[in-house]
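Trainee: Got a minute to walk through a model with me? I'd like to get the layout straight before lunch.

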Amino acid sequence: MAKICPRCGSAHIDHQELLSPKPLAACLNCDWSGAAVDLLTLDEATVLRANPDGDLASPETTLRLAKQMSEAFLRQLAKSAGQPIGQALVEVGFVGRKDTANLTRLIRKACLSAVVGVLEELEVIQKEKQGAGRNQ
Ligand SMILES: [Zn+2]
């Protein structure tokens, strides 16, 4: 899973001493550096968005983190799933193979919808986790 800077949300991370017992990392976008375990994952960025009062980041930073993580997910999705989605669209006849403008548009929309759906479901999962925590 992609890791991002806990201060600015950048995914441009320089991983240092990966093999040491306490791996270090430094952000190439701002001057943050620290333990690699302090980097945020998509799940944690979503948690922060659901808890804007969290002390790790301001609501503005949190929203930016979530947005950058969604964009990273969208890029990854388009890279690995764009072609099979396009093939499926052509095979069922939603769009002609030569209609590249609309084919591209539909692939992009399919990936975007997937990102939105995943983010919504992540929030549901997070709320379920919090609910389960309170009942213990
Ligand atoms: Zn940074």
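Mentor: Let's go through the layout, the sheet, the core and a few single residues.

Mentor: Two housekeeping points before that. Residues are numbered from 1 along each chain as its sequence is written. This is a predicted model, so local features need pLDDT of at least 70 and side-chain atom pairs count only at pLDDT 80 or more, while totals for chains, interfaces and linings use all residues.

Trainee: Okay, how many helices and strands does the chain have?

Mentor: Three of each: three helices and three strands. Here helices (H or I, at least four residues) and strands (E, at least two) are DSSP runs, numbered from the N terminus.

Trainee: And in what order do the elements run from the N terminus?

Mentor: They go β-β-β-α-α-α.

Trainee: Let's do the sheet. What's the strand order?

Mentor: The sheet is open, with three strands in the order 1-2-3 and antiparallel pairing. Strand 1 (13-16) and strand 3 (33-35) are at the edges with a single partner strand each, so one side of each has no neighbour in the sheet. From one strand to the next the twist averages 25°. For that angle, axes are lines fitted to C-alpha atoms, for helices over the stretch in contact, and angles run from 0 to 180 degrees between N-to-C directions.

Trainee: How many bridges join strand 1 to strand 2?

Mentor: Four, and the two strands run antiparallel. Strands pair, by the rule used here, if DSSP finds at least two bridges between them. In strand 2, Ala25 is the bridge partner of His15, and Cys27 is the partner of Ile13.

Trainee: And what about strand 2 with strand 3?

Mentor: That pairing is antiparallel too, over three bridges. The two strands form a hairpin with five residues between them. Ala26 sits opposite Ser33 in strand 3.

Trainee: Which side chains of strand 2 are buried?

Mentor: They alternate: Ala25 and Cys27 point to one face and are buried, whereas Leu24 and Ala26 point to the other and are not. A residue is buried if 20 or more other C-beta atoms lie within 10 Å of its own, exposed if 12 or fewer, and partly exposed in between, with C-beta atoms placed from the backbone.

Trainee: What does Ala25 touch?

Mentor: Not counting residues up to four places away in sequence, Ala25 touches Ile13, Asp14, His15, Gln16, Ser33, Gly34, Ala36 and Leu39. Contact means C-beta atoms, placed from the backbone, within 7 Å.

Trainee: Switching to the core. Which residues make up the largest one?

Mentor: The largest nonpolar core has eight residues: Ile4, Cys5, Ala25, Cys27, Leu39, Leu40, Ala66 and Met69. Strand 2 (24-27) and helix 2 (59-92) are the elements that give two or more residues to this core. A nonpolar core is a set of buried Ala, Val, Leu, Ile, Met, Phe, Trp, Tyr and Cys residues joined through C-beta atoms within 7 Å.

Trainee: How much of the chain is buried overall?

Mentor: Buried residues are 15% of the 136 in the chain. On contacts, among those between residues at least 6 apart in sequence, 46% join residues at least 24 apart.

Trainee: Now Ala35 in strand 3. Why does Ala35 count as exposed?

Mentor: Because Ala35 has 10 other C-beta atoms within 10 Å. Leaving aside neighbours within four places in sequence, Ala35 is in contact with Lys22 and Leu24. The C-alpha atoms of Ala35 and Leu24 are separated by 4.6 Å, with their positions 11 residues apart along the chain.

Trainee: And Pro84, buried or exposed?

Mentor: Pro84 is in helix 2, and it counts as exposed because it has 10 C-beta neighbours inside 10 Å. Pro84 and Ile107 are 23 residues apart along the chain, with 9.4 Å separating their C-alpha atoms.

Trainee: Last one: where is Leu119?

Mentor: Leu119 is in helix 3 (residues 100-134). Leu119 counts as partly exposed, with 16 C-beta neighbours inside 10 Å. From C-alpha to C-alpha, Leu119 and Ser70 are 7.9 Å apart, though 49 residues apart in sequence.

Methods. Two residues are in contact if their C-beta atoms, placed from the backbone, lie within 7 Å.
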